[in-house]
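Colleague: I've got the file open and some time before my next spin finishes. Can you walk me through it?

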Amino acid sequence: FHTLRRGHRWRAFLALPPVPGRGEKPFPSLRSWPMGFRGSATVAQEITLSRCKAAGLPWNRLCLPGVEPPLSLPVWGAIMDDVWVLHDSSDEQVALAAEWMSAVDREWAAIGVESHVGKQVNAAVLGEVQGAEAGDESPSIGLGGTKVVLYMMAPLDTVLAWRPHRRAVERLAGKGSHLCEFCPPLRSCFQEIYPLLQEARELRTERIELSPDVCDELLLTALLAPLAKFDLSAPWSSLVIAYDASPGGHGLALSQVSPSEVITWAAVACFRGDRSCLADNPLADVQGATCLMKKAQLPLAKKRCTELPRPGGYSHIIIEEWHAYLWLLWERGTRRDGLDRRSVSIGDNACQVGSCAKGRSSSRPMNRCCRKACAYKGGCGLQDFIVWTESAGNPADRPSSRFGIRASAAPAVPRRAASPSRALSFSAGPYRFLHVFSGPRREGDLSSG
């Protein structure tokens with residue numbers, strides 16, 4: 001940051017307290033972007049991307065949050081002052097990656113920024129990219145072994161401490177959230193720790209007392225830390241399952257899709273960042289928008305489906321959607337070709353899909369479902385990509401309507417008023433209905449006796 005000169009308009013905003021003395025008070029001002037200032041990170045990121053663009057790096061090979069990633073190597077990315085290229089071991093791609101990095105070095109030198117030779121990595125078989133360890137020797141992406149061991153030790157020290165410092169617990173929660181980036185279902189382990197930290201911040205408490213539930217969450221995350229990896233060697237399942245729920249009914253729609261098409265569908269799956277935005281009113285510029293997530297347009301109508309209906313419950317519709325998704329995971333886990341695979345599932349409820357993609361929810365009933373999904377996925381080795389689509393295009397909508405209130409309705413009750421004896425003797429199939437209205441009494445109302 002000390003090599004990036006700040007703009008003239010930022011002089012007043014980056015001024016320091018005045019120097020004491022006689023006469024006019026001089027206010028020192030920083031001439032470079034200070035480290036730790038949020039705006040400095042934004043400026044550094046944009047300058048890095050501008051240098052990469054000037055170096056001629058192909059923009060269609062850039063990995064960015066919220067953008068469909070390239071489906072083949074090589075790919076590149078930039079974060080702050082680091083630029084990386086992920087490629088295979090062929091001579092052609094090794095030479096191409098070296099050419100890209102040399103071009104970026106020349107562009108850095110053109111604006112007076114020197115590269116750190118000691119941190120350069122060339123054609124490494126196993127390396128760390130944006131906090132994740134990846135390479136030919138490892139079939140998975142996740143934290144390195146040393147970092148995982150250190151994280152497993154940190155919760156033990158925190159739990160054994162008497163009234164640990166709030167900042168230490170906050171840092172541990174942040175490290176745990178980063179660990180779960182490579183296995184989102186593990187985020188459901190954290191439930192009681194966030195309200196505890198929020199209360200401590202509001203009360204400005206430096207030392208906090210950990211409840212038994214918080215200690216259990218920290219220890220559970222430490223035990224599951226070695227599983228927080230994304231397996232790149234797992235084969236893709238050709239079985240794509242759509243799910244839906246209605247009051248009283250659940251439904252699944254199973255389709256066989258080619259592996260290449262499954263990979264394409266997985267690229268438009270929802271992820272954690274879909275549900276959060278730092279803007280004050282992120283939907284202000286989007287007319288008629290009610291959700292930050294994007295609906296995927298999939299050719300589901302062209303696929304042959306096998307429909308599976310079952311009776312459901314009458315809880316909140318989001319909870320019923322979660323129960324339908326848990327049924328989907330159980331269905332995958334009972335199939336021989338459904339274990340230890342990457343798969344694609346399709347849902348139409350934004351809240352349920354978003355919480356599933358994130359891995360946890362601040363709602364306790366929903367987070368309870370997230371924990372059940374974590375158990376299913378961890379026990380069966382499932383890495384499920386969930387895609388949000390329109391309700392009208394969800395093939396599981398029809399089987400979910402075969403039970404519950406959407407099922408074929410019985411003959412309607414006559415609209416004119418009836419006497420109590422006639423109303424109670426009215427038969428509509430196997431059911432008898434008695435509809436009681438509130439409000440002032442009218443002629444023909446049913447009497448309570």
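Modeller: Let's fix one term before anything else: a residue is called buried when its relative accessible area is under 20%, exposed when over 50%, and partly exposed in between. Also keep in mind that this is a predicted model.

Colleague: Okay, so what percentage of the 449 residues count as buried?

Modeller: The cut-off is the one I just gave, under 20% relative accessible area. Applied to the 449 residues of the protein chain, the buried share is 36%.

Colleague: And how much of the accessible surface belongs to carbon and sulfur atoms?

Modeller: The accessible surface of the protein chain adds up to about 27,500 Å². The part that belongs to carbon and sulfur atoms is 55%.

Colleague: How many helices and strands does the chain have?

Modeller: Both kinds of element are there, and contacts link distant parts of the sequence: of those with a separation of 6 or more, 69% are between residues 24 or more positions apart. The count for the secondary structure is 12 helices and 11 strands.

Colleague: What is the mean pLDDT?

Modeller: Residues reaching 70 or more make up 84% of the chain. Two stretches fall below 50: residues 275-289, with 12 contacts beyond near neighbours in sequence, and residues 410-429, with 22 such contacts. Where pLDDT is low, predicted coordinates should not be read in detail. For the protein chain, the mean is 82.

Colleague: Is strand β11 largely enclosed or open?

Modeller: Strand β11 covers residues 382-388, and 6 of its 7 residues are buried. So, as far as the rest of the structure goes, β11 is largely enclosed.

Colleague: Which residue in β11 is the bridge partner of Arg342?

Modeller: Start with the strands: β10 and β11 pair in the parallel sense, over 7 bridges. β10 runs over 341-347. Within β11, the bridge partner of Arg342 is Gln383.

Colleague: Now the backbone oddities. Which residue does a cis peptide bond join to Leu73?

Modeller: Most peptide bonds are trans. Here omega is about 5°, and the bond is cis. The partner of Leu73 sits in the loop between α1 (38-54) and β1 (75-79), and that residue is Pro74.

Colleague: Where is Arg204, the non-glycine residue with a positive phi?

Modeller: Most residues other than glycine have a negative phi. Arg204 has a phi of about 55°, and at 73% relative accessibility it counts as exposed. Its place is the loop between α5 (193-203) and α6 (212-224).

Colleague: Is Asp340 buried or exposed?

Modeller: Asp340 has a positive phi too, near 55°, and lies in the loop between α8 (317-333) and β10. Its relative accessibility is 51%, and the cut-off is over 50%, so Asp340 counts as exposed.

Colleague: What area does the nonpolar surface patch with Trp10 have?

Modeller: Trp10 is found in the segment before α1 and is partly exposed, with a relative accessible area of 35%. The patch is made by Trp10, Phe13 and Phe37. Its area is about 340 Å².

Colleague: Last one: what distance separates the C-alpha atoms of Trp59 and Trp76?

Modeller: Trp59 is in the loop between α1 and β1, partly exposed at 41% relative accessible area. Beyond neighbours within four places in sequence, Trp59 is in contact with Leu49, Lys53 and Trp76. Trp59 and Trp76 are 17 residues apart along the chain, and their C-alpha atoms are separated by 9.1 Å.

Technical notes. Residues are numbered from 1 along each chain as its sequence is written. This is a predicted model: local features need pLDDT of at least 70, side-chain atom pairs count only at pLDDT 80 or more; totals for chains, interfaces and linings use all residues. Side-chain values use heavy atoms; hydrogens and water are left out. Helices (H or I, at least four residues) and strands (E, at least two) are DSSP runs, numbered from the N terminus. Buried means under 20% relative accessible area, exposed over 50%, partly exposed in between (1.4 Å probe, protein chains only). Two strands pair if DSSP finds at least two bridges between them. Patches are made of residues with over 30% relative accessible area and no salt bridge: like charges are joined within 9 Å, nonpolar side chains (Val, Leu, Ile, Met, Phe, Trp, Tyr) within 5 Å. Accessible areas come from the Shrake-Rupley method with a 1.4 Å probe; for residues, only the protein chains shown count as cover. A salt bridge is a side-chain nitrogen of Lys or Arg within 4 Å of a carboxyl oxygen of Asp or Glu. Contact means heavy atoms within 4.5 Å. pLDDT is the predictor's confidence in each residue, from 0 to 100.
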